[in-house]
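Hi,

Here is the structure I said I'd pass on. Have a look at it first, and my notes follow underneath.

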Amino acid sequence: SIYEMFGNECCLPTGEVIKVIGFKINKLIASICEDNEVRQFSAKVELPLNFPGLYKVVADKTPYVNVEEITRKVSIGPTRFGHPSFYSPEDIKVANLTIKQGEQITFNSVEEVNGTMAVNCGVVRNNQVHSFTFPLSQEGKFYECEDDQIYTLKEIAEWKIPKCRHRIVKLSTTLKRWDSSNPLPENFDGCLLLTPVYEVQAVMKFRKDIVHILSDLDVEVKDITDHYDISSFLQPLSLEDVFERTSKEFPMVAEIIEGPLGSHKPCNSLYKGREIIIYKKYQATRVLASEIRSDSPKRHFLIPMSYKGKFKRRPREFPTAYDLEIARSGKEQLHVVATKAFDCPHQELSSVSVGDQFLVQQCQTGKVLEEGRKSLMDVLACEQILSDTYKKVLLPMYMEGGFVEVVHDKKQYQLSEICQEFHLPFNVKVSVRDLSIEEDVLAAVPGLQLEEEITDFYLLISSASRPLESWEVPVYRFTMLVHVLHKEVQAVAPPVAKTRVEEISEEQYYMLRRYENQTLHPPPRPPKKP
């Protein structure tokens, strides 16, 4: 018989045929370094993959000696995590392109080119991507580039720990609610040396679930792949695997064989053993919103464009004159009150006192006297509101002060109207809740900041027994394994997707923000001093 302990098989019967479907990091052993010098690691602790926090990856200083070693040890794949970057300390000539020393090379995918396995790569020059291929035999020293993104431990385990190597990470966010059960020291701000502990994932012929076998299980096995019909085993698919299938393969009938895992589940009807119909895959626009509050933690939401509630405007806050320029629009004149005084060192420009009111006009170039010479400076033209008149003033664009918006608009807006007529971020409060849903979670929030529009990926799923009851399932925030059943789907039109407001965790919020429009960089803030 097969014995199970803590979710892992600890004994396998002689003669059992198993099909290995993958290797997965089960947990991490973390050696603690309490400073940032990465010199000496002391205590070791065990961390589960769902351990909280966001982390920055420290670049590995050990080079790879050829491209083939990179493809063996580093995860390269179609998702946004699977595009690692390297640099060479020497120039490399490929076809009609010379890769300069130190230039960042992004590895995008591995495929066969003219009968030879190669890696599709790219370098960015003058905001243009130049693509080329590296044969696996390409030799040289390849070092990891510094990575400025932040990751959860689970993402690091799945994508950022090369095989047969360790990974050093640094905590990027302060852990909330530290207590004695937390294995890390209180107020920890150092580095962790992560060593993965693997498990083998396998399926058996007469079992529908996935078998998890720890890599240190003492058992002898024999490879019989060439002498056995492996098609008799079920093929587990993640939601990402399903999404990568062609549109012609939908709809499909599937059975849930593991999961679902994830906070804020779309419904309670998705459980292990349930037969479901997956109608289609698609992308949909959502508005990422956060609760307005001075203390933390804030709640975060993804709001569908089909949300039927109405919003009223709330005042926005602006820390600099530069932010006023970004926020102004042609629809209406921006009216603000200063909440912080600013003493301008230039006579040609205006100082600001607390309570001063301004109508923002436009950004322009002004002349100021600096060290006896006139120089040009970006300034913000405004009209200062006095008791009985208006006064034209110029504010330095670098000015760090504080302004709060005066809202004269009492209109109630649909979400789509706000996105069309105003620049995000935009502050609002629900004035009329969405009556089409049983509980509108946004109605109880005192204030919301609508931050940006994002594009997310979904599967439309229903129960096989109740096909008219459907759910939108987010592909990258919901963990579930399914097995496709070879059953025909009755020729019915896909049900209308019931969109909902989704509350997301802080980690999910930062994951969405860091990858959205990452090719579009906002203009830099002007310097604090001219």
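About 30,000 Å² of the protein is exposed, with carbon and sulfur atoms supplying 49% of that area. Bear in mind throughout that this is a predicted model. Of its 530 residues, 44% count as buried. On the secondary structure side, you'll find six helices and 32 strands. Among contacts with a separation of 6 or more, 67% are between residues 24 or more positions apart.

Let me start with the strands, around β24 and β25. β24 covers residues 357-370 and β25 covers residues 373-385; the two run antiparallel and are joined by 13 bridges. If you want a landmark in that pairing, glycine 366 has methionine 377 of β25 as its bridge partner. The hairpin leaves two residues between the strands, and glutamate 371 there takes a positive phi near 55°.

β25 then goes on to pair with β26 (residues 390-396), again in the antiparallel sense, this time over seven bridges. Here the hairpin connection is made through four residues. Alanine 381 is the one to click on for this pairing, as it stands opposite leucine 394 in β26.

That leucine turns up again from another direction. Serine 350 sits in the loop between β23 (335-338) and β24. Setting aside neighbours within four places in sequence, serine 350 is in contact with Cys344, Val393, Leu394, Leu395 and Pro396. Is serine 350 buried or exposed? Its relative accessible area is 18%, so it counts as buried, the cut-off being under 20%.

For contrast, try another loop residue. Aspartate 216 is in the loop between β16 (211-214) and β17 (236-238), and at 65% relative accessibility it counts as exposed. In sequence, aspartate 216 is 17 residues from glutamate 199, and their C-alpha atoms are 8.4 Å apart in space.

There is one more hairpin to look at. β11 (residues 116-125) and β12 (residues 128-135) run antiparallel, with eight bridges joining them. Arginine 125 has glutamine 128 in β12 as its bridge partner. Two residues lie between the strands of this hairpin, and asparagine 126 in the turn has a positive phi of about 55°.

As for the helices, I only have notes on α2, which spans residues 153-160. Six of its eight residues are buried, so α2 is largely enclosed by the rest of the structure. The buried ones are Leu153, Glu155, Ile156, Ala157, Trp159 and Lys160, so a glutamate and a lysine are on that list too.

Now the aromatics. The structure holds 14 aromatic pairs. One of them is tyrosine 307 with phenylalanine 311: the ring centres are 5.6 Å apart and the planes lie at 35°, which makes the pair tilted. Both tyrosine 307 and phenylalanine 311 are buried. Compare phenylalanine 422 and phenylalanine 426, where the centres are 4.5 Å apart and the planes are at 25°, so this pair is stacked. The angle decides the label here, because planes under 30 degrees apart count as stacked. Both of these phenylalanines are buried as well: phenylalanine 422 has a relative accessible area of 8%, and phenylalanine 426 has 1%.

Some ring pairs also join up. Tyr64, Phe86, Phe107, Phe132, Phe134 and Phe142 are linked by ring pairs into a cluster. Tyrosine 64 has a charged neighbour too, since arginine 165 lies over the face of its ring, 3.8 Å from the ring centre. You can see a similar arrangement at tyrosine 282, where the charged end of lysine 280 sits over the ring at 5.1 Å from its centre.

Last, the cysteines. How many disulfides are there? The count comes to zero. Cysteine 33 is in no disulfide, and the nearest cysteine sulfur, that of cysteine 191, is 5.8 Å away. The cut-off for a disulfide is 2.5 Å between sulfur atoms, so that pair does not qualify. Cysteine 33 counts as buried at 1% relative accessibility, whereas cysteine 164 counts as exposed at 75%.

That's my list. Send over your own notes when you've had a look.

Cheers

Conventions:
Residues numbered from 1 in each chain as written. Predicted model: local features only at pLDDT ≥ 70, side-chain atom pairs only at ≥ 80, totals over all residues. Heavy atoms only, no water. Buried < 20%, exposed > 50% of the residue type's maximum accessible area, 1.4 Å probe, protein only. Contact = heavy atoms within 4.5 Å. Areas by Shrake-Rupley, 256 points an atom, 1.4 Å probe, with all protein chains shown as cover. Phe/Tyr/Trp six-rings, centres within 6.5 Å; stacked < 30°, edge-to-face > 60°. Lys NZ or Arg CZ within 6 Å of the ring centre and 35° of its normal. Pairing = 2+ DSSP bridges.
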